[in-house]
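This report describes the fold, the helix packing and selected loop residues of one protein chain. The sequence and the structure are shown first.

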Amino acid sequence: MTDTSAETSSDDAPTRKRPKPGERRVQILQMLASMLEQPGGERITTAALAARLEVSEAALYRHFASKAQMFEGLIDFIEQTIFSLINQIIEKEAADPAPDVGVRQSHRILSMLVQFVEKNPGMARVMVGDALVLEHERLQQRMNALFDKVETTVKQCLRDGRLAAPTQVGAVDAQIQASTAVAFVAGRLQRFARSGFKRLPSEHLDSALSLMLG
């Protein structure tokens with residue numbers, strides 16, 4: 001995510017090309033995501049964000065009613081990207097089923113989550129809540145709901161896979177496996193964010209997931 005244009009504090013400089021409708025909103029979110037990628041974990045203020053964009057704080061509020069709404073824009077991106085990829089994984093594996101289809105789907109879903117964060121490190125701070133401290137409570141609730149939905153999806157994949165492969169009946173309960181694996185991945189994301197993005201969450205990931213998912 002990169003910022004592509006600058007703007008004076010009036011947000012109305014006649015000598016510079018004005019952004020197209022919606023373009024400034026995207027630029028604001030791109031800059032917010034970029035600032036979240038800086039190690040240190042300092043709380044981002046609208047003043048600092050405006051300074052990086054070379055606009056006034058008033059200019060930010062022409063596009064977002066509050067900083068919370070800016071974070072909601074990032075959360076929208078996270079949700080849409082992750083669940084779109086989850087649907088693709090489920091459909092692809094279901095089209096070519098194997099005896100361990102549920103495990104394969106679950107493994108790929110959780111690996112995708114880690115890969116998404118490694119490619120978008122600033123999003124890790126949003127997903128684990130570090131960037132949402134002192135922000136509106138509903139933001140953290142949305143992130144909690146995202147992990148709950150991922151856990152439910154993994155649980156369903158494991159259960160459906162066992163129905164398709166009766167020989168797996170008697171294995172560890174799918175709910176236990178799903179909750180353990182998702183909690184493990186969430187912990188890896190938290191470690192990644194709090195290490196200044198130095199401890200990669202993908203470290204020995206395949207082996208760890210194989211132990212938890214079977």
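Residues 24 or more positions apart account for 66% of the contacts in the protein with a separation of 6 or more, a contact being heavy atoms within 4.5 Å. The model is predicted, so that local features need pLDDT of at least 70 and side-chain atom pairs count only at pLDDT 80 or more, while totals for chains, interfaces and linings use all residues. Residues are numbered from 1 along each chain as its sequence is written, and side-chain values use heavy atoms, with hydrogens and water left out.

**Overall fold**

The protein has 9 helices and 0 strands, and its pattern along the sequence reads α-α-α-α-α-α-α-α-α. Helices (H or I, at least four residues) and strands (E, at least two) are DSSP runs, numbered from the N terminus. Of the 214 residues, 45% count as buried; buried denotes under 20% relative accessible area, exposed over 50%, and partly exposed the range in between (1.4 Å probe, protein chains only).

**Nonpolar core**

In soluble globular proteins, nonpolar side chains tend to be buried together. Here the largest nonpolar core holds 62 residues, of which Val126 and Met127 touch the most other members. Helix 4 (residues 67-95) gives the most to this core, with 10 residues. Such a core is a set of buried Ala, Val, Leu, Ile, Met, Phe, Trp, Tyr and Cys residues joined through side-chain atoms within 4.5 Å. Leaving aside neighbours within four places in sequence, Met127 is in contact with Ile78, Ile82, Leu113, Phe116, Val117, Met143, Leu146, Phe147 and Leu189.

**Packing around helix 9**

The axes of helix 5 (residues 101-119) and helix 9 (residues 205-213) come within 10 Å and cross at roughly 140°, which makes helix 5 oblique to helix 9. Axes are lines fitted to C-alpha atoms, for helices over the stretch in contact, and angles run from 0 to 180 degrees between N-to-C directions. Angles under 35 degrees count as roughly parallel, over 145 as roughly antiparallel, 65 to 115 as roughly perpendicular and the rest as oblique. In this contact, Val103, Ser106, His107, Leu110, Ser111 and Val114 of helix 5 meet Leu205, Asp206, Leu209, Ser210 and Leu213 of helix 9. These residues comprise 6 nonpolar, 4 polar and 1 charged, where Ala, Val, Leu, Ile, Met, Phe, Trp, Tyr, Cys and Pro count as nonpolar, Asp, Glu, Lys and Arg as charged, and the others, Gly among them, as polar.

Helix 8 and helix 9 have axes that come within 9 Å and cross at roughly 160°, so helix 8 is roughly antiparallel to helix 9. Gln177, Thr180, Ala181, Phe184 and Val185 of helix 8 make the contact with Leu205, Ala208, Leu209, Met212 and Leu213 of helix 9. The contact of helix 8 with helix 9 divides into 8 nonpolar, 2 polar and no charged residues.

**Loop residues**

Three loop residues are listed with their relative accessibility.

| Residue | Loop | Relative accessibility |
|---|---|---|
| Asn120 | between helix 5 and helix 6 (121-127) | 18%, buried |
| Glu54 | between helix 2 (46-53) and helix 3 (57-60) | 46%, partly exposed |
| Phe197 | between helix 8 (174-194) and helix 9 | 15%, buried |

Glu54 has a positive phi near 60° in a residue other than glycine. Phe197 likewise has a positive phi, near 70°, and is other than glycine. The C-alpha atom of Asn120 is separated by 9.2 Å from that of Ser34, 86 residues apart along the chain.
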